[in-house]
Amino acid sequence: MDGYKLGELLIEGKTKKVYQLLDNSDLCYVENKDRITAGDGAKAHDLEGKAAISNSTNAKVFQLLNEVGIKTAFVKVAGETAFIARKCEMVPIEWVTRRLATGSYIIRNQGVPEGYRFNPPLMETFYKDDANHDPQWCEAQIISTAFKCNDMKIDKQEYDIMLRTTVAVFEILERAWLTRDCTLVDMKIEFGIDENQDILVADVIDSDSWRLWPNNDKRLMKDKQVYRNLKTVEQSDLDIVKRNFKWVADQMDFLVSSPSAHVIILMGSPSDTSHSESIINHAQALGLKAQLRVCSAHKSTEETLRILSEYEGNGEKVVLIAVAGRSNGLGPVLSGNSAFPVINCPPGKTVDLVQDIWSSLKIPSGLGCTTVLYSESAAFAAAQIHALHNHLIWARLRSKQLNNFITLKLTDTKLKYKY
Ligand SMILES: Nc1ncnc2c1ncn2[C@@H]1O[C@H](COP(=O)(O)OP(=O)(O)O)[C@@H](O)[C@H]1O
Ligand SMILES: [Mg+2]
């Protein structure tokens, strides 16, 4: 058990056992089994090595989600086949997102061709009930049941938060898989409520959870559908399933990292340092690698161009932010001598900001530098540029959007009942 002291078995399902962790009542130890099942457990086989592969895939998926700011129950890996998670009371609903129509959807919705693209992705919810084959439930059914998890009632607000989170998680993983030329066709996740009454993405996300088509080609599918489709199951079939699962776990190594996304803040004077540091703090929170330089386009033109050439020559992806008060020569000079995106963010403290801003706005023809006023906006603008090619930066922005929605909603509810 890798040094962990296990308490009672809290729950055992088809593919996992969940134990209480003795040293910490908030946490549990989730042990994967070497077991593959389909059809609500009607079809089931032992598959040696599956627990370790699932554990590896799941850990990397959740590390990615945690890193970009999605609230999940995953804490850390605990040996080859297990992980530590926040102990939750689970909401017994499967939250499904579909980008392309396939599988049970096209059976239930005659006339929709396989591969029909849902944009935005389609959401479906199913009540976890193997005996009744996980019936599809609508919003009203879920809310009317009023599930209680860790003393929290699953009402409209909680439903909305879980639904929005489900789409965000799908879109984040969809973008990640696209970097490997794989289409995330659809996906299922589950939520749990922990002791703090936080709504967390819980359970696991592994090759059982999604359909994955390399090169957007269904025939190349790498997910559990290969097993579901088997009429008879020979060892050689199981070997193929396992090889696919291993391929997915290995690909995940590429998904958890991305090339560095640089933002270089060039300020005209050391007196602009605190404004520039504020940009750096926001940029780092969005996953950007930041560097601060000081150079004056007016007073040290050659040195400014030399500094620019350092970045032109290093092959990295770079966004420049020019911080210059009074007359901003810096941003336009950088923009006129480079193809890098340049964002002007003049320090807000100058007395005549309204006049000064024109030096950033009235730029000569042929230049494309843009201007923002706040340090946070400069960091966001740089992150949005990087998000076009960097799935982890995109994921951070997407997760911020989601968390803004959740925070506003929770605050609104608090205020509604306060007076
Ligand atoms: N962090 C967690 N805290 C508590 N229970 C969890 C957590 N993650 C997963 N579970 C639960 O563990 C059980 C075992 O998982 P699994 O074998 O997948 O069950 P099932 O066959 O019902 O899908 C499920 O009921 C699942 O909801
Ligand atoms: Mg399960």
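Colleague: How many bridges join strand 3 to strand 7?
Modeller: This is a predicted model. In it, strand 3 and strand 7 run antiparallel. One facing pair is V30 and F83, the latter in strand 7. The number of bridges joining strand 3 to strand 7 is five.

Colleague: Which residue in strand 3 is the bridge partner of K17?
Modeller: Strand 2 covers 16–21 and strand 3 covers 27–32. The two run antiparallel, joined by five bridges. They form a hairpin with five residues between them. Within strand 3, K17 has as its bridge partner E31.

Colleague: Why is strand 3 largely enclosed by the rest of the structure?
Modeller: Take the two faces in turn. On one side L27, Y29 and E31 are buried. On the other side C28, V30 and N32 are buried too. Strand 3 is largely enclosed because its buried residues number six of six.

Colleague: Which strands each supply at least two residues of the shell around ligand 1?
Modeller: The shell holds 18 residues, and the closest are G13, K14, K16, A85 and C88. The antiparallel partners strand 2 and strand 3 both reach the count of at least two. The full set is strand 2, strand 3, strand 7 (82–86) and strand 14 (182–193).

Colleague: How many residues of the shell around ligand 1 are charged?
Modeller: Split the shell by residue class. Nine of its residues are nonpolar and three are polar. The charged residues number six.

Colleague: In the hairpin of strand 4 and strand 5, which residue takes a positive phi?
Modeller: Strand 4 spans residues 35–38 and strand 5 spans residues 43–46. Four bridges join them, and they run antiparallel; R35 has D46 as its bridge partner in strand 5. Four residues lie between the strands. The residue with a positive phi, near 60 degrees, is G39.

Colleague: Which helix gives the largest share of the largest nonpolar core?
Modeller: In soluble globular proteins, nonpolar side chains tend to be buried together. Here the largest nonpolar core has 102 residues, and I321 and A382 touch the most other members. Its largest share is eight residues, from residues 156–178, which make up helix 4.

Colleague: What does I321 touch, not counting residues up to four places away in sequence?
Modeller: I321 is one of the two core residues that touch the most other members. The other, A382, is itself among the contacts of I321. With sequence neighbours up to four places away left out, the list is V263, I265, I279, I343, C345, A378 and A382.

Key:
Residues numbered from 1 in each chain as written. Chains lettered and ligands numbered in written order. Predicted model: local features only at pLDDT ≥ 70, side-chain atom pairs only at ≥ 80, totals over all residues. Near = placed C-beta within 6 Å. Nonpolar A, V, L, I, M, F, W, Y, C, P; charged D, E, K, R; others polar. Buried ≥ 20, exposed ≤ 12 C-beta atoms within 10 Å, placed from the backbone. Pairing = 2+ DSSP bridges. Core = buried A, V, L, I, M, F, W, Y, C linked by C-beta atoms within 7 Å. Contact = placed C-beta atoms within 7 Å.
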